[in-house]
Amino acid sequence: MLQYLYMCKRGELVELFDIAGLKVAMECKDGMLYERSRAYLAKDQSEEPDFSVVLPDEILQKKHEALPQLTLDECRYVYMGEGFYHKILNFDGMLLHASAIEKDGKAYLFSARSGTGKSTHTHLWMKVFDGVRMINDDKPALRYIDGTLCACGTPFSGKNDESSNICVPVRAIVFVERAEENEIECISAKDAIPLFISQTVRPAAEKYAVKSLEMLDRVLKEVPVFRLRCNMLPEAAICAYEGIENYFKEVDKNEN
């Protein structure tokens with residue numbers, strides 16, 4: 001068995017992390033990724049990883065030259081995250097650019113284009129309802145664990161670093177649009193596909209692209225997807241929650 005606690009690459013420590021129910025080996029160096037990964041550090045560093053994420057210095061430098069508006073540290077954080085979300089496709093997982101929260105042991109994910117207000121909306125839930133906590137405010141991992149789709153915290157959590165090292169069964173996925181009045185509706189898989197594709201990793205490599213589409217197909221068959229048109233007032237959180245729960249009440253009534 002490889003002893004990852006002592007495994008070094010170019011003088012840097014490769015550590016083992018518990019992320020989304022997987023053992024992940026990463027070379028974090030220092031800075032943003034190092035700081036945000038501490039909550040995910042595996043207690044037993046001697047276990048075999050499910051996969052590793054590496055970013056050689058020469059590749060990082062090329063990425064940085066292409067994105068000079070980012071610091072080298074920010075570039076490492078972004079592209080290590082991209083590597084993680086490609087690798088997780090091999091383990092029944094995928095990225096959804098969303099703000100994911102837990103309420104009553106269930107995960108609710110709110111996705112939208114940047115600047116729409118998905119984080120503002122989930123923070124309304126945290127103010128309006130008791131016991132709501134953040135799973136990941138920007139890039140939660142969706143992964144099937146023991147046959148159940150879960151939303152999982154990761155160290156790759158956006159600019160505010162709001163994340164918890166937990167995996168919570170998904171109740172609903174919601175795509176958010178800004179509006180003056182609050183309304184929510186369940187949408188078809190056909191309508192949901194382009195929304196999902198715009199908010200997830202779109203791999204260039206064929207093997208990852210196929211896995212991404214297979215994962216998306218499974219999610220859309222098993223989890224209800226909603227469109228929420230809302231303002232940024234507390235009533236929007238109530239509208240969203242009640243609309244989702246009323247949907248499940250109708251499903252239960254029709255099944256019984």
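Two strands pair if DSSP finds at least two bridges between them. The structure treated in these exercises is a predicted model.

**Exercise 1. Strand 8 and its partners**

Determine which residue of strand 8 stands opposite S99, and how strand 8 pairs with strand 7 and with strand 12.

Solution.
1. Strand 7 (residues 98–103) and strand 8 run antiparallel and are joined by six bridges. In this pairing, S99 stands opposite F110 of strand 8.
2. Strand 12 (residues 167–178) pairs with strand 8 in the parallel sense, over five bridges. Here F110 stands opposite V174 of strand 12.
3. F110 thus has S99 of strand 7 opposite it in one pairing and V174 of strand 12 in the other.
4. Of the six residues of strand 8 (residues 106–111), five are buried, so the strand is largely enclosed by the rest of the structure.

**Exercise 2. Positive phi values**

State where K29 and D104 are placed, and decide whether D104 is buried or exposed.

Solution.
1. The hairpin of strand 7 and strand 8 has two residues between the strands, and D104 takes a positive phi near 55 degrees there. D104 is not a glycine.
2. The threshold for an exposed residue is over 50% relative accessible area. With a relative accessibility of 55%, D104 counts as exposed.
3. K29 is also a residue other than glycine with a positive phi, near 55 degrees. K29 belongs to the loop between strand 4 (22–26) and helix 1 (32–37).

**Exercise 3. The surroundings of R171 and F248**

Establish how many residues separate F248 and R171 in sequence, and which residues each of them touches.

Solution.
1. F248 is found in helix 7 (residues 234–255), while R171 lies in strand 12.
2. The two residues are 77 residues apart in sequence, and their C-alpha atoms are 9.6 Å apart in space.
3. Burial requires a relative accessible area under 20%. F248, at 17%, is buried, and R171, with a relative accessibility of 17%, also counts as buried.
4. Not counting residues up to four places away in sequence, F248 touches R171 and P224. With the neighbours within four places left aside, the contacts of R171 include K106, A107, Y108, P224 and F248.
5. E245 is another contact of R171; the side chains of R171 and E245 make a polar contact at 2.7 Å.

**Exercise 4. The packing of helix 2 and helix 3**

Classify the relative orientation of helix 2 and helix 3 and describe their contact.

Solution.
1. Helix 2 (residues 57–66) packs with helix 3 (residues 72–87) at an angle of about 110 degrees, and the axes are 9 Å apart.
2. Angles of 65 to 115 degrees count as roughly perpendicular; helix 2 and helix 3 are therefore roughly perpendicular to each other.
3. Helix 2 contributes L60, Q61, K63 and H64 to the contact, and helix 3 contributes L72, C75, R76 and Y79.
4. By class, this contact has four nonpolar, two polar and two charged residues.

**Exercise 5. The sheet of strands 3, 4 and 5**

Give the order of the strands in this sheet, and identify the helix that packs on it.

Solution.
1. Three strands form an open sheet in the order 3-4-5, with mixed pairing. Strand 3 (15–19) and strand 5 (51–53) are the edge strands, each pairing on one side only.
2. From one strand to the next, the twist averages 35 degrees.
3. Strand 3 and strand 4 run antiparallel and are joined by five bridges; I19 stands opposite L22 in strand 4.
4. Helix 3 packs on the sheet and touches strand 3, strand 4 and strand 5. The direction of helix 3 makes about 160 degrees with that of strand 5.

Definitions and conventions. Residues are numbered from 1 along each chain as its sequence is written. This is a predicted model: local features need pLDDT of at least 70, side-chain atom pairs count only at pLDDT 80 or more; totals for chains, interfaces and linings use all residues. Side-chain values use heavy atoms; hydrogens and water are left out. Axes are lines fitted to C-alpha atoms, for helices over the stretch in contact, and angles run from 0 to 180 degrees between N-to-C directions. Helices (H or I, at least four residues) and strands (E, at least two) are DSSP runs, numbered from the N terminus. Angles under 35 degrees count as roughly parallel, over 145 as roughly antiparallel, 65 to 115 as roughly perpendicular and the rest as oblique. Contact means heavy atoms within 4.5 Å. Ala, Val, Leu, Ile, Met, Phe, Trp, Tyr, Cys and Pro count as nonpolar, Asp, Glu, Lys and Arg as charged, and the others, Gly among them, as polar. Buried means under 20% relative accessible area, exposed over 50%, partly exposed in between (1.4 Å probe, protein chains only). A polar contact is a pair of N or O atoms within 3.5 Å; within protein, one must be able to donate a hydrogen and the other to accept it, and residues adjacent in sequence count only if both atoms are side-chain atoms.
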